[in-house]
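Here are some exercises to help you find your way around a new protein model. Try each task with the viewer open, then read the solution.

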Amino acid sequence: MLKVGVLGAGHLGKIHLRLLQQSEKYELIGFYDANAEYAQQVSQEFNYTYYPNLAQLIQEADVIDIVTPTPAHYECAKMVIAAGKHFFVEKPITNTVAEAEEIIHLAEQKGVKGMVGHVERFNPAFKAVKNNITNPMFIETHRLAEFNPRGTDVPVVLDLMIHDIDAILSVMNSKVKNINASGVSVISETPDIANARIEFENGCVANLTSSRISLKNMRKSRFFQKDAYISVDFLDKKCEVVKMKDAPEVPGDFDMILQNAEGVKKQIYFENPEIANNNAILEELETFADAINNNTEPVVTLHQATEALRVAYQIIDCFN
């Protein structure tokens, strides 16, 4: 089992601590948090070992799970890499693209593995349909959240939209060609609602909307491609695949047939992919253990997370 230490014991950090303690692939040795008084409270309440010395925790672990606020990701990752240890870091990978590129360079120099917590890749609904998304030409996403003061120190693009950016990039076999976007600050210093239009070199267009001042939560994506429509509900963990094929000579009584202006008939049929229940955070952490143990590429690489961050900042740049 890999010895793992956690940096940061906030809301998400505590979730990681609980799951790592349950994992059969990791041995949780303890955690570090910059707020010593708070860390001791967490240690006493949940019986996790608190390391007041960050360097000692890094030294004694095989893997470090970085769940600190985003501005600290860069310095934490540098310390972990310098010690020659593998690291998992929550999204976004760092605060800036330049920091992310340096982390990639340092990790490659040291020969350590890194993975980034883009958890929607492990959402069971997305996993169930991902192989059906082969060549989308129009994509529409809505990620809406009720207002929560936690996280409003960063733009909604880095807080929410980056999930959809990463998911889209993971199914696209084409580079980004052009981006147009607008954002509005309603209650925060940075935009609370944003819309982006991403054009890819192959002609695909993705239209993304994110808001953190909605009256209800929504996390839906729709993918349109030739002869297929695929929808993913990340929140309710549901998906739908609607496909078309040439209509049979003699349609059945319940067959859904469409005929276009040229007289071509198509049959619509539905696929219901099996959705396997999982804990997405635990699965992403455990796939990283597999990548280390088997010396394979992590599911969400540092390069992929950096590209998602690069696109996020191109969207933010459109706001100015």
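## Exercise 1: a loop residue and its contacts

Beyond the residues within four places of it in sequence, T68 is in contact with L7, G8, H73 and C76. Keep in mind that this is a predicted model.

**Task.** Find out where T68 sits and whether T68 is buried or exposed.

**Solution.**
- Step 1: locate the residue. T68 belongs to the loop between β3 (63-66) and α4 (73-82).
- Step 2: check its accessibility. The relative accessible area of T68 is 15%. Buried means under 20%, so T68 counts as buried.
- Step 3: look for a partner from another part of the chain. A9 is 59 residues away from T68 along the chain, yet their C-alpha atoms are separated by 7.6 Å.

## Exercise 2: a buried charge

**Task.** Work out which side chain of opposite charge is nearest to E284, and what E284 touches.

**Solution.**
- Step 1: place the residue. E284 is part of helix α8, which covers residues 280-294.
- Step 2: look for a charged partner. E284 is buried and has no salt bridge. The nearest side chain of opposite charge belongs to R121, 9.0 Å away. A salt bridge would need the nitrogen and oxygen within 4 Å.
- Step 3: list the contacts. Not counting residues up to four places away in sequence, E284 touches F88, E90, M115, G117, H118, V119 and F122.

## Exercise 3: two helix crossings

**Task.** Describe how α1 crosses α8, then do the same job for α7 and α9.

**Solution.**
- Step 1: take α1 (residues 11-22) and α8. Their axes come within 10 Å and cross at roughly 65°. Angles of 65 to 115 degrees count as roughly perpendicular, so that is the label for α1 and α8. This crossing of α1 and α8 is right-handed.
- Step 2: see which residues meet there. L12, I15, H16, L19 and L20 come from α1, and they meet I281, L282 and L285 of α8.
- Step 3: move on to α7 (residues 156-171) and α9 (residues 302-317). Here the axes come within 9 Å, and the crossing angle is roughly 125°. The two helices, α7 and α9, are therefore oblique to each other. The crossing of α7 and α9 is right-handed.
- Step 4: pick out some of the residues involved. On the α7 side they include V157, L158 and M161, and on the α9 side they include Q304, E307 and A308.

## Exercise 4: unusual backbone spots

**Task.** Find a cis peptide bond, then look up phi for D227 and N295.

**Solution.**
- Step 1: recall what to expect. Most residues other than glycine have a negative phi, and most peptide bonds are trans.
- Step 2: find the cis bond. K91 and P92 are joined by a cis peptide bond, with omega about -15°. P92 is in the loop between β4 (86-90) and α5 (97-110).
- Step 3: check D227. Its phi is near 70°, a positive value in a residue other than glycine. D227 lies in the loop between β10 (218-225) and β11 (228-233), and is partly exposed at 27% relative accessible area.
- Step 4: check N295. Phi is positive here as well, at about 55°, though N295 is not a glycine. This residue, N295, sits in the loop between α8 and α9 and counts as exposed, with 61% relative accessibility.

## Exercise 5: salt bridges

**Task.** How many salt bridges does the structure hold, and which residues are linked with E120 in a network?

**Solution.**
- Step 1: start with the total. The structure holds twelve salt bridges.
- Step 2: try one pair. K25 and D290 form a salt bridge at 2.7 Å, N to O. K25 is in the loop between α1 and β2 (26-32) and D290 in helix α8, so the pair ties together parts 265 residues apart in sequence.
- Step 3: turn to E120. One salt bridge joins E120 to R143, with the closest N and O atoms 2.9 Å apart. Both E120 and R143 are buried.
- Step 4: find another partner. E120 also forms a salt bridge with R219, with the closest N and O atoms 3.2 Å apart. This pair links E120, in the loop between β5 and α6, to R219 in strand β10, 99 residues apart.
- Step 5: put the network together. Salt bridges link E120, R143, D164 and R219 in a network.

Note on methods. Residues numbered from 1 in each chain as written. Predicted model: local features only at pLDDT ≥ 70, side-chain atom pairs only at ≥ 80, totals over all residues. Heavy atoms only, no water. Helix = DSSP H or I, 4+ residues; strand = E, 2+ residues; numbered from the N terminus. Buried < 20%, exposed > 50% of the residue type's maximum accessible area, 1.4 Å probe, protein only. Lys, Arg positive; Asp, Glu negative; His and termini not counted. Contact = heavy atoms within 4.5 Å. Axes fitted to C-alpha atoms, helices over the stretch in contact; angles between N-to-C directions. Parallel < 35°, antiparallel > 145°, perpendicular 65-115°, else oblique. Left-handed = near helix turned anticlockwise from the far one by under 90°.
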